[in-house]
Amino acid sequence: MPSELLTSRDGAALILTLSDPATRNALSQQVYAAGVEALNMAESDDSVRAVILRGEGEHFCGGGDLTRIAARRQEGPAAQAESIAQFHQLIESLRAFPKPTIAAVEGFAAGGGMSLALACDLVVAAKDAKFVMSYGKIGLTPDGGGSWHLARLLPRALALELVWLATPMTGERLHALGLVNRVTDKGHALAEAVALAARLAAMASNAVAAAKELVGRAEVSSLAEHLEDERRQSIANLFHDNGGEGLKAFFEKRPPQFR
């Protein structure tokens, strides 16, 4: 059976669990479809303030199922194109989702699994977690935006080393390079991700969403365009109820109660 996506809640966090430990939680079309559906539902659910993506068992995600990928060579390019399109829809949904997304990585995040982690807003990883762009070992190239993220987050030479040589890097190493936000001892990535989600849930949801939009648009905007975006968001958030509550709480020297 192909992998599936399980959903659960921990406070204001929706936890999406890639589930097929026997294959290191290999990606599947079922996961792509379920992921997009879960994000669409979470976007309209005010009780969900953040989404955590994790893998069941010892690993985050081993990437694509090579048995299925090999079978598609017999089916022709159209079948593989459709599968990749579904994967990319999930990646785009993660990027466009207005609430924080956090990858909790244990064990391997390989190939498409690494791409999936990089598509999240924040990454929490065990110190010994292994991130690897494994495509080069079998004569393939990245999908899921892996090369796009690496080219923007790392020096060109290091991005090419990861893509060409499929060199595994630990969570601790990627933390030093700025790709991982928090490192934990083995087995504690999910707990740290939940704690991070709880901190974000206590913040003004409108301001959190606006900040995510601003940072995302900065990648494609000129300075003049970005300054206009900041002006628009600054005014909207100042005159939002949460802006009033934040200022009132500051002057009253108490924690704000955002909605």
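Let us start at arginine 68, a partly exposed residue with a relative accessible area of 29%. The structure you are looking at is a predicted model, and this residue is a good way into its charged side chains.

**Charged pairs**

Arginine 68 has a partner: its side chain meets that of aspartate 65 in a salt bridge, with 2.7 Å from N to O. Aspartate 65 is buried, at a relative accessible area of 16%, whereas arginine 68 is partly exposed. Why can such pairs form? Side chains of opposite charge can pair when their charged atoms come close.

How many salt bridges does a search of the whole structure find? The search gives 13. Here are three of them, each with its N to O distance.

| Salt bridge | N to O distance |
|---|---|
| aspartate 65 and arginine 68 | 2.7 Å |
| arginine 95 and glutamate 219 | 3.0 Å |
| arginine 182 and glutamate 192 | 3.8 Å |

Take the second row, where arginine 95 meets glutamate 219. This pair links distant parts of the chain, 124 residues apart. Arginine 95 sits in helix H3, which covers residues 77–96, while glutamate 219 lies in the loop between helix H9 (205–218) and helix H10 (223–238). Both partners are partly exposed: arginine 95 has 34% relative accessibility, and glutamate 219 has a relative accessible area of 43%.

In the third row, arginine 182 meets glutamate 192. That pair, too, links distant parts of the chain, with its partners ten residues apart. You will find arginine 182 in strand E9 (residues 182–184) and glutamate 192 in helix H8 (residues 189–201). Arginine 182 counts as partly exposed at 31% relative accessibility, and glutamate 192 falls in that class as well, at 28%.

Some salt bridges also share partners, and in this way Glu213, Arg217, Asp229 and Arg232 are joined into one network.

**The cysteines**

Now for the sulfur atoms. How many disulfides are there? The count comes to zero. Why do cysteine 61 and cysteine 120 not form a bond? The sulfur of cysteine 61 has its closest cysteine sulfur in cysteine 120, and the two are 11 Å apart, which is too far for a bond. A disulfide needs the two sulfur atoms within 2.5 Å, so the pair does not qualify.

Are these cysteines buried or exposed? Cysteine 61 is buried, with a relative accessible area of 0%. Cysteine 120 also counts as buried, at 6% relative accessibility.

How values were computed:
Residues numbered from 1 in each chain as written. Predicted model: local features only at pLDDT ≥ 70, side-chain atom pairs only at ≥ 80, totals over all residues. Heavy atoms only, no water. Buried < 20%, exposed > 50% of the residue type's maximum accessible area, 1.4 Å probe, protein only. Salt bridge = Lys/Arg side-chain N within 4 Å of Asp/Glu carboxyl O. Helix = DSSP H or I, 4+ residues; strand = E, 2+ residues; numbered from the N terminus.
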